[in-house]
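Here is a walk through one protein model, from its sheets to its cores and loops. Keep the structure in view as you read.

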Amino acid sequence: MTIRSMAIGEMQMMGFHGRPSAWTNIPSTSGSNAGNQNTAATNQNIRNAGNTIAGALEVLTDRGQNPLQGRSSDSDVATVEVNANRLIASQPPQDTTINVLQTAQAQANHGDRLVSTDRAVDSGVFRFEVEANGRTHAFAINVLDSDNNTSVQQMMARAINNANIGVTASTQQSMVEGERTTTLNLTGQTGAGNGFSVTDTTGGLAAAMGVTTANQQARDARFTINGGEERTSTSNEINIAAGVIATLTGEGEANITFGRYAGNMVGAARELVNALNSALRNTNANDGRGSRRFVEDIHGMNRTFASQLSRVGIEVQNNGALAINEDRLRASAENGSLARLFDDRGFGARVERIANNAQNTNHYANVPAPVNFNNNFFDFGNTSNQWNMVNMFG
């Protein structure tokens, strides 16, 4: 129903005077002769603008196209990986300083380099044991007259790997002074508790291959986080927050920071500014009441968030259009303030609402008749009237 709210003159006496003087250069649509509905061309333009704005928002927010990333100040000390699916929204990862005292390493027994076509042992059955993870595992290798060092090493590697005992065996081929050589290498798991031993029980096959002696001992990683107490880990992969894994790569200090890729953010911000400016430039506000609302929605949003936009390098001009300060925009992308602008509580929510309404053409195409200010009455049941009042005095 229609109720008497307040005469416009009474509102002005209370201090409501429409747009502030700083925005007098914004094209006015008040008193326009806009018809009831937009033309098809205007609706298509609004729809296209909504699609472009929505695409830019996908990058500027955390909804998939530009997920949160971690960065390390020194990849020779630590690298970082973020699993977006495991992040906890209420507990975002904080910047972290890691001081690596030593990395975790695995025991390594590097065998002797032997001539591939020779054979270091006679034919027969050779037995040896590998003790790992508190258990002893026995192996038997049947060496034939047709075997050579390469085939014997490959048999030993297959037997150890198939046993799945926490020790990995591999063979390495190389050329030394024109002669092909082969080497058997055994590697355990990282961590001080994951050492292993290799012992011959019948014959001397393991010793003949040179794998009974450790060239590198197993050890734990030692590190501190944010200057706290020293910690240890059997692995170089450590969880520093939900969904965040740092990999220790060397001794020293590394600062781990989090943010979205600055290049993507800057590009998306440019795309958003261009889309909003294009929408203002190409939309005839007098084509229909919906087009008028679309233009006024963008102008109102830009006015409302002018100071926040300026801080990230997006300046609102006197005519309501946007301009970019490149240096400030890139700095805001790198320090995270650009991403914070697009959170769900402020500018991000407003621009997303405009994008959604623009994609749904009916919102800006079939708008009820505006309030008739000449009779000094205001229909609060008319959503268009409510919006017009917000635009006048917002």
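Helices and strands here are DSSP runs, with at least four residues for a helix and at least two for a strand, numbered from the N terminus. On that basis the protein has twelve helices and 17 strands. The model is predicted. The protein has 394 residues, and 42% of them count as buried. Among contacts with a separation of 6 or more, 69% join residues that are 24 or more positions apart.

Begin with the sheet of five strands. This sheet is open, and its order is S1-S15-S3-S11-S12. The pairing is antiparallel. Which strands stand at the edges? They are S1, residues 69-72, and S12, residues 231-233. Each has a single partner strand, so one side of each is left without a neighbour in the sheet. From one strand to the next, the twist averages 30 degrees.

Look now at the S12 end of this sheet. Strand S11 covers residues 221-225 and is joined to S12 by three bridges. The two run antiparallel. Phe223 has Arg231 of S12 as its bridge partner. The loop between S11 and S12 holds Asn226. Its phi is near 55 degrees, a positive value in a residue other than glycine. Most residues other than glycine have a negative phi.

The loop on the other side of S11 leads back to helix H4, residues 205-209, and contains Asn215. Which residues does Asn215 touch, not counting those up to four places away in sequence? They are Ala108, Asn109 and His110. Gly111 is 104 residues from Asn215 along the chain, yet their C-alpha atoms are separated by 9.2 Å.

Next comes a hairpin. Strand S13, residues 237-241, and strand S14, residues 244-248, run antiparallel and are joined by four bridges. Ala241 stands opposite Val244 in S14. Two residues lie between the strands of the hairpin. In the turn, Gly243 has a positive phi of about 80 degrees.

Move to the sheet of three strands. This sheet is also open, with the order S7-S6-S10 and antiparallel pairing. Strand S7, residues 135-143, and strand S10, residues 196-202, stand at the edges. Each has a single partner strand, so one side of each has no neighbour in the sheet. Here the twist averages 25 degrees from one strand to the next. Strand S6, residues 124-132, pairs with S10 over six bridges, in the antiparallel sense. One of the pairings puts Val130 with its bridge partner Val198 in S10. In a regular strand the side chains alternate between the two faces of the sheet. Helix H3, residues 149-163, lies across S6 and S7. H3 runs at about 150 degrees to S7.

Another loop deserves a look. Glu177 lies between strand S8, residues 168-176, and strand S9, residues 179-190. Its phi is near 50 degrees, a positive value in a residue other than glycine. Is Glu177 buried or exposed? Glu177 is exposed, with a relative accessible area of 82%.

Now the helices. The axes of helix H6, residues 289-304, and helix H10, residues 347-359, come within 10 Å. They cross at roughly 170 degrees. That angle makes H6 roughly antiparallel to H10. On the H6 side, the contact is made by Phe294, Asp297, Ile298, Gly300, Met301 and Thr304. H10 supplies Phe347, Arg350, Val351, Ile354 and Ala358. The residues of this contact divide into seven nonpolar, two polar and two charged.

Finally, the cores. The largest nonpolar core has 42 residues. Those with the most contacts inside it are Leu272, Phe294, Leu338, Phe342 and Phe347. Which elements give two or more residues to this core? They are helix H2 (40-60), helix H5 (262-282), H6, helix H7 (306-311), strand S16 (314-316), helix H8 (326-335), helix H9 (337-341) and H10. H5 gives the largest share, ten residues. Take Leu338 as an example. Leaving aside neighbours within four places in sequence, Leu338 is in contact with Leu60, Met265, Ala269, Val312, Leu329, Ser332 and Ala333. Apart from this core lies another, of 24 residues. Leu114, Ile141, Ile160 and Ile165 are among them.

Terms used. Residues are numbered from 1 along each chain as its sequence is written. This is a predicted model: local features need pLDDT of at least 70, side-chain atom pairs count only at pLDDT 80 or more; totals for chains, interfaces and linings use all residues. Side-chain values use heavy atoms; hydrogens and water are left out. Two strands pair if DSSP finds at least two bridges between them. Axes are lines fitted to C-alpha atoms, for helices over the stretch in contact, and angles run from 0 to 180 degrees between N-to-C directions. Angles under 35 degrees count as roughly parallel, over 145 as roughly antiparallel, 65 to 115 as roughly perpendicular and the rest as oblique. Contact means heavy atoms within 4.5 Å. Ala, Val, Leu, Ile, Met, Phe, Trp, Tyr, Cys and Pro count as nonpolar, Asp, Glu, Lys and Arg as charged, and the others, Gly among them, as polar. A nonpolar core is a set of buried Ala, Val, Leu, Ile, Met, Phe, Trp, Tyr and Cys residues joined through side-chain atoms within 4.5 Å. Buried means under 20% relative accessible area, exposed over 50%, partly exposed in between (1.4 Å probe, protein chains only).
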